Protein chains: 2
Amino acid sequence: MNADHYENVALLRGLLLRLARSDWRKLTKWSIKASEVRLLLVLKENSLLGESQRMTVSDISKILQVTSPTVTQMINNLIKNDYVIRTTHPTDRRIAEITLSQKGDKIAQEASEMFTKMFEGLIDFLGKEQSDQLIHLMDQSIVYFEQVDIEKL
Amino acid sequence: MNADHYENVALLRGLLLRLARSDWRKLTKWSIKASEVRLLLVLKENSLLGESQRMTVSDISKILQVTSPTVTQMINNLIKNDYVIRTTHPTDRRIAEITLSQKGDKIAQEASEMFTKMFEGLIDFLGKEQSDQLIHLMDQSIVYFEQVDIEKL
DNA sequence: AACTAATAGGTAGGTAACCTATATATTAAT
DNA sequence: ATTAATATATAGGTTACCTACCTATTAGTT
């Protein structure tokens with residue numbers, strides 16, 4: 001553990017901050033918000049996984065890691081412009097089932113392709129091995145941040 | 001370039017999103033906002049680099065990568081509770097010079113120590129070599145994202 | 001000196017992306 | 001039948017930004 005073992009603390013902090021604020025998340029070619037595109041993508045990807053096309057507010061909330069009122073709000077916006085459809089579960093009327101409309105599916109498809117190309121580009125740019133490394137390191141970093149107790153710092 | 005060269009596209013996207021939304025940025029033990037703590041840190045770190053304690057709104061804006069109205073707003077809040085002081089440049093009266101008050105310096109000091117410990121913790125957790133790798137890969141990713149043209153995707 | 005352009009910052013008002021607290025509807029459990 | 005639990009919605013708020021515009025001041029030009 002030499003003298004400059006920790007030389008990169010500031011660098012690391014700065015990079016994480018920049019990456020967090022990076023613009024790719026805010027991209028939206030479509031006339032809906034970036035967060036709403038992400039929601040459409042969740043629905044699309046769920047159906048591609050062979051799961052049912054219908055998802056509940058709670059499912060979406062878990063995947064996007066936001067609270068259910070946040071999901072409701074996004075869905076209300078999406079319904080307003082016919083990107084998704086809300087129906088009631090046939091046997092449990094508490095549950096709202098959300099499905100993509102044709103319009104929503106089209107955007108989800110385009111967004112999916114765009115993000116795929118964007119991240120394929122990143123993998124090409126970094127190289128396969130390096131991108132695997134990045135995945136591993138980011139995953140570990142998330143583990144670290146989830147476990148660290150600020151009160152004890 | 002085998003079949004699953006791009007297998008990790010979704011994984012990479014998900015991790016970047018999670019890291020972006022990670023909570024460490026929102027931490028604030030103090031009675032001011034996280035973004036305001038970051039501003040105090042900029043002032044503190046600038047003075048530690050031997051630069052003058054005084055910084056202009058433009059300087060801060062460049063470092064935090066936010067617009068000047070955003071900086072003005074944060075500074076107004078910080079002034080309200082005596083964390084920073086705004087004075088006018090002696091020879092160029094257009095320029096506002098921002099300095100830490102004693103109260104602000106104390107928080108900046110604490111925050112600096114906290115973040116330092118937090119990122120030292122990350123370096124220990126990942127290992128020195130791995131954390132250097134992470135820095136390199138994040139840096140390259142930022143380069144990539146800055147250069148990628150969405151319109152062409 | 002007078003005028004125009006450039007620079008630095010502030011003001012007003014808005015938006016995205018979240019949140020908490022609370023209410024409502026429905027179903028499950030006792 | 002009553003109470004508790006669950007799923008979602010509503011109301012209203014917050015943070016962290018932004019753009020458009022305005023003012024004050026300084027620099028450059030004729």
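Me: Which residues of helix 2 of chain A are called buried?
Reply: This is a predicted model, and in it the buried residues of helix 2 of chain A are Ala34(A), Glu36(A), Val37(A), Leu39(A), Leu40(A), Leu41(A), Val42(A), Leu43(A), Lys44(A) and Asn46(A). The label goes to residues under 20% relative accessible area, with the protein chains only in the calculation.

Me: What makes Lys44(A) count as buried?
Reply: Lys44(A), which sits in helix 2 of chain A, has a relative accessible area of 8%. The cut-off is under 20%, so Lys44(A) is buried.

Me: What does Lys44(A) touch, leaving aside neighbours within four places in sequence?
Reply: Leu100(A), Asp105(A), Ala108(A) and Gln109(A) are in contact with Lys44(A). With Gln109(A) there is also a side-chain to side-chain polar contact of 3.1 Å, and the limit for that term is 3.5 Å.

Me: How do you know that Lys44(B) counts as buried in the other chain?
Reply: Lys44(B) belongs to helix 2 of chain B. Its relative accessibility is 8%, to be set against a limit of under 20%, so Lys44(B) counts as buried.

Me: Why is the pair Lys44(B) and Asp105(B) called a polar contact?
Reply: Their side chains are joined at 3.0 Å, and a pair of N or O atoms has to lie within 3.5 Å, with one able to donate a hydrogen and the other to accept it. So the pair earns the name polar contact. Asp105(B) is also among the residues that Lys44(B) touches, along with Leu100(B), Ala108(B) and Gln109(B), not counting residues up to four places away in sequence. As for Glu113(B), it is 69 residues from Lys44(B) in sequence and 12 Å away in space, C-alpha to C-alpha.

Me: How do you know that the span of helix 2 of chain A is close to the expected one?
Reply: Helix 2 of chain A has 15 residues, and the distance from its first C-alpha to its last is 21 Å. The expected span is 1.5 Å times one less than the number of residues, which gives 21 Å, so the two are close. After the helix comes Gly50(A), with a positive phi near 85°.

Me: What about helix 5 of chain B, how does its reach compare with the expected span?
Reply: Helix 5 of chain B covers residues 102-126, which is 25 residues. It reaches 36 Å between first and last C-alpha, close to the 36 Å expected at 1.5 Å a residue. At its start, a side-chain oxygen of Ser101(B) comes to within 3.3 Å of the backbone nitrogen of Lys103(B). Gly127(B) follows the helix, and its phi is positive, near 95°.

Me: What makes the two copies related as by a two-fold rotation axis?
Reply: Chain A superposes on chain B by a rotation of 180° with 0.0 Å of shift along the axis, at an RMSD of 0.1 Å. The two copies are thus related as by a two-fold rotation axis. In chain A, Ala20(A) has the C-alpha nearest the axis, 1.9 Å from it.

Me: How do you know that the copies meet through the same surface?
Reply: Of the interface residues of chain A, 100% are also interface residues in chain B, so the copies meet through the same surface.

Me: Which residues come nearest to DNA strand D?
Reply: Out of 25 residues around DNA strand D, the nearest are Ser58(A), Thr72(A), Arg86(A), Ser35(B) and Arg93(B). Sugar and phosphate make up 73% of the DNA strand D atoms that come within 4 Å of the protein. Helix 4 of chain A gives the most to this surface, with four residues. By type, the surface has seven nonpolar, ten polar and eight charged residues.

Me: What makes Thr72(A) a polar contact of DNA strand D?
Reply: An N or O atom in the side chain of Thr72(A) is 2.7 Å from a phosphate oxygen of DNA strand D. The limit is 3.5 Å, so this pair qualifies as a polar contact. Thr70(B) has a side-chain N or O atom at 2.9 Å from a phosphate oxygen of the strand, and for Arg38(B) the distance is 3.2 Å.

Me: Which residues come nearest to DNA strand C?
Reply: Ser35(A), Arg93(A), Ser58(B), Thr72(B) and Arg86(B) come nearest, of 24 residues around DNA strand C. A polar backbone atom of Arg93(A) is 2.8 Å from a phosphate oxygen of DNA strand C.

How values were computed
Residues are numbered from 1 along each chain as its sequence is written. Chains are lettered from A and ligands numbered from 1 in the order in which they are written. This is a predicted model: local features need pLDDT of at least 70, side-chain atom pairs count only at pLDDT 80 or more; totals for chains, interfaces and linings use all residues. Side-chain values use heavy atoms; hydrogens and water are left out. A residue is near a molecule or strand if one of its heavy atoms lies within 4 Å of it. Ala, Val, Leu, Ile, Met, Phe, Trp, Tyr, Cys and Pro count as nonpolar, Asp, Glu, Lys and Arg as charged, and the others, Gly among them, as polar. Buried means under 20% relative accessible area, exposed over 50%, partly exposed in between (1.4 Å probe, protein chains only). Copies are superposed by least squares on the C-alpha atoms of residues with pLDDT of at least 70 in both. Contact means heavy atoms within 4.5 Å.
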